[in-house]
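Biologist: Please look over the model shown below. I should then like to ask about its cysteines, its nonpolar core and one of its pockets.

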Amino acid sequence: MKPAEFLRSAERTTPAVVVGGDDVALGLVRDLGREGVPVLAVGPDSDGPALASRYCAARLCADPHHDEDQFIKDLETVAGVLPRRAVALPAHDDYAFALSRHRPRLEQLFALPVLPWDRMRLLANKEHQVGLAREAGVETPVTAFIHAPEDLAAAAQSVPFPAVLKPAVPMALVRSIDLKAVVVPTGTALEEAYERLAFCGALLLQELIPGDDSEIAIAGTYHDASARPLAVFTGRKLRQHPRGFGVTRLGESLWSDEVADITLTLLAHAHYHGISDVEFKRDQRDGRLKLMEVNARQGFWAPLATAAGVNLAFTAYRDAIGQPRLAGHQKDGVRWADTLRDTRDSFNEYRRGELSLRSWLLPLAGVRADAYLSLRDPCPATQEVRRLTRRLTHRTAGNAR
């Protein structure tokens, strides 16, 4: 969408500003744009896939991780050129946290369906998430908190191995080595793992919940400013990238009263406002769901919910403009894929003997939506292929050196 076309549409209809240009932002842009909402996507990278979508106009902004003050100034500049007050929706943790921290300053310019910082900060740190879950009566894996080397011995005694070591602050490890966590097979390996991850700050050591990726349940909701759920979706992962600890690359809509009830209990305890992405894993040892994480923004897989009939982004938008409406109930059996990564990962797993050809191809029969591929919106997929190719080239060159 050209800027002039966007501004003309925004004069007639309240616009949405999707804050971020990555893959999650692309889902937001499409979920809103297909409903006729004029969308402006703002992000720090000109090659972000969302910024290439036909459903939005695009504008660059500072990265709040590196320069939060400039990021807020950039949003104020955006508000100054819009013909009316827009709805702002974050597409990444850094954007959600920045909008929350500066909410008093920004809510004069935007409708902000996000938590204020005094409540958001409890979700911005995984140590606080575990505490919040315990207060709400939601089960978590056995967890120890490591703030200094002196905590290692007590952690090794309290958590069974194999275990998982991960940073308390989201994205701290992903930015460095593109992993959410590392597996610690034994207590004797903990010190070495800690030395690798100590740069992340506070860490969590959690027991490794056994089971395949298909044991991971996902939930997405939208809660209004009074913490009432206007949209609830549940599903499950079928495959993720990377296996064990990663983002969904193949998912399926599957309603579960149990997953919905636990999710709503947890978010009610947080007095939640906004779109959420909540993940659990069923423990094969006792059959119970254990909380993995809460993301205070839309998930990468959220277009799966839309394809199943629960458009979280549009529900948030309608509520923010004063036209709240309960989302309908979902259709089960709908599947969504990140085909670009699933094809690459599945081929490698097939080649290593970890995945049969039948197990690779059969689940793809139910795919009704894709993370990037779209005949009506082809440019984001082209943009993402270029990004993946550059990343692979750089990695190959690094390995050669």
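Biologist: Is C61 buried or exposed?

Modeller: This is a predicted model, in which local features need pLDDT of at least 70, side-chain atom pairs count only at pLDDT 80 or more, and totals for chains, interfaces and linings use all residues. Residues are numbered from 1 along each chain as its sequence is written, and side-chain values use heavy atoms, without hydrogens or water. A residue is called buried under 20% relative accessible area, exposed over 50% and partly exposed in between, with a 1.4 Å probe and protein chains only. The relative accessible area of C61 is 10%, and C200 has a value of 10% too, so C61 is buried.

Biologist: How many disulfides does the whole structure have?

Modeller: A disulfide requires two cysteine sulfur atoms within 2.5 Å. For C61, the closest cysteine sulfur belongs to C56 and lies 13 Å away, so the two are too far apart for a bond. A search of the whole structure gives a total of 0.

Biologist: Which element supplies the largest share of the largest nonpolar core?

Modeller: A nonpolar core joins buried Ala, Val, Leu, Ile, Met, Phe, Trp, Tyr and Cys residues through side-chain atoms within 4.5 Å. The largest one has 43 residues, and V18, V29 and L32 have the most contacts inside it. Elements that each give it at least two residues include β1 (16–19), β11 (229–241) and α13 (312–320); helices (H or I, at least four residues) and strands (E, at least two) are DSSP runs numbered from the N terminus. The largest share, 6 residues, comes from α2.

Biologist: Which residues does L32 contact, leaving aside neighbours within four places in sequence?

Modeller: Contact here means heavy atoms within 4.5 Å. L32 is one of the residues with the most contacts inside the core. Beyond its sequence neighbours, L32 touches A16, V18, V37, V39, L89, A313, F314 and Y317.

Biologist: How many residues does the other core, which includes A10, have?

Modeller: This core lies apart from the largest one. L75, L99 and L106 are among its members, as is A10, and its size is 24 residues.

Biologist: Which element gives the largest share of the lining of the second largest pocket?

Modeller: α2, α12 and β16 (367–370) each supply at least two of its lining residues. On a 1 Å grid over the protein atoms alone, a pocket is an open set of points where a 1.4 Å probe fits, with protein on both sides within 12 Å along at least five of seven lines, and lining residues have an atom within 4 Å of a point. The largest share, 5 residues, belongs to α2.
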